[in-house]
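Me: I want to learn how the labels on a model like this are earned. Can we go through them one at a time?

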Amino acid sequence: MKKLLFSIRNLLQRLVGPVALHRLRKRIVRRSNTENGSCGHAERWIYIYPTFACTLKCSYCQNLHATGIHNPLEQCTMTPRAWAESINRIGRHVVISGGDPFVYHDLPGIVNRIAPHLKVVICSDLSAPGTLDALRAMRRPVSLDATYHPSSGKSGKFLQTVEAARGLDGIEIALHSVAAGKAVKFLRRTQKEFLAKDLRLNLVAAYGDLAFEGSRQQQRETVYCTKRNINIGPDGKRYPCLTKTIRMQDPLCSVTAPGIADDMPPHLCNDFGHCVPGDLEEVGMRIERLDGRGVLRPC
Ligand code: SF4
């Protein structure tokens, strides 16, 4: 299946060119994210990663992609109060992702302190012990973007958690699953199981199955990269992009620093080609080549 996808990608790249192909994929992913209410929020959001730890080890995990290991080393130096105070001061809606945020020792402690006018989205696979207890302890509206990963086994436990969570006040749930390799057939059957319980499970392409320019390449290239998203790592530092947040490489400033909500100026990066695919989905990202081949991704 993987080989077939690579052949299709190569064929399409030859027919329409890599840039057009990437844009087409971006449009599909963005539409799917909008439909799902998932983590594809464009602007005026802040993305925080209180932990990169996770109970699963999926082959297509972006953490694995960025660092070569599933649970990258991290220093969780931010308390729940410090997270919430920073988010409230910045005043943007927040996506809490990871890793699995429910592995963080006190997720309700962050969520319950966030100002009521700010939206909160939590991206999770719902596999961590204590997930339901944490959800029950949340006292404000939360959108849960829950992902079922077929590599974690049959969907029974996930489904149980979803059903219990949707009975809780203030919890809204969108479900998706990563359609990777041989799992696609299995997931079609799983979708029917979910539908029988009145739940819609959207299938999205696995990043690992879709190599494209900027990601999963042999060589690194130096480019000018312009990013707009604000990504804060487990140590409370802002990083230039998701790739570097996961690697905890080239921190810019602390989340407590004034002016953190400003857009970042273009900066030189020599890691293009080894970016995680999630970075290349960012709306407004711009890559300019130094060798005269021009702008790869205009805003
Ligand atoms: S080129 Fe890739 S690794 Fe470098 S800053 Fe941009 S997104 Fe991050």
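Me: What makes a residue part of the group around the ligand, and which residues are in it?
Reply: The model is predicted. A residue counts if its C-beta atom, placed from the backbone, lies within 6 Å of the ligand. The residues that do are Val223, Cys225, Pro240, Cys241, Thr243, Lys244, Cys269, Asp271, Phe272, Cys275 and Asp279.

Me: Which elements supply at least two residues of that shell?
Reply: Strand S7 (221–226), helix H9 (242–247) and strand S11 (267–272) each do. The largest share, 3 residues, comes from S11.

Me: How do you know which class each shell residue belongs to?
Reply: The residue type decides. Cys, Val, Pro and Phe count as nonpolar, while Asp and Lys count as charged. The shell therefore has 7 nonpolar, 1 polar and 3 charged residues.

Me: What makes a set of residues a nonpolar core?
Reply: Its members are buried and joined through C-beta atoms within 7 Å. The largest such core has 53 residues. Ile46, Ile48 and Val94 have the most contacts inside it. Strand S4 (residues 142–148) gives this core its largest share, 4 residues.

Me: Which residues is Ile46 in contact with, leaving aside neighbours within four places in sequence?
Reply: They are Ile87, Ile90, Arg92, Val94, Ile230 and Ile232.

Me: Where is the predictor's confidence lowest and highest among the elements?
Reply: Helix H2 (residues 18–36) has the lowest mean pLDDT, 44, and helix H5 (residues 107–111) the highest, 98. pLDDT stays under 50 over residues 17–23 and over residues 28–42. The protein averages 82.

Note on methods:
Residues are numbered from 1 along each chain as its sequence is written. This is a predicted model: local features need pLDDT of at least 70, side-chain atom pairs count only at pLDDT 80 or more; totals for chains, interfaces and linings use all residues. A residue is buried if 20 or more other C-beta atoms lie within 10 Å of its own, exposed if 12 or fewer, and partly exposed in between; C-beta atoms are placed from the backbone. Two residues are in contact if their C-beta atoms, placed from the backbone, lie within 7 Å. pLDDT is the predictor's confidence in each residue, from 0 to 100.
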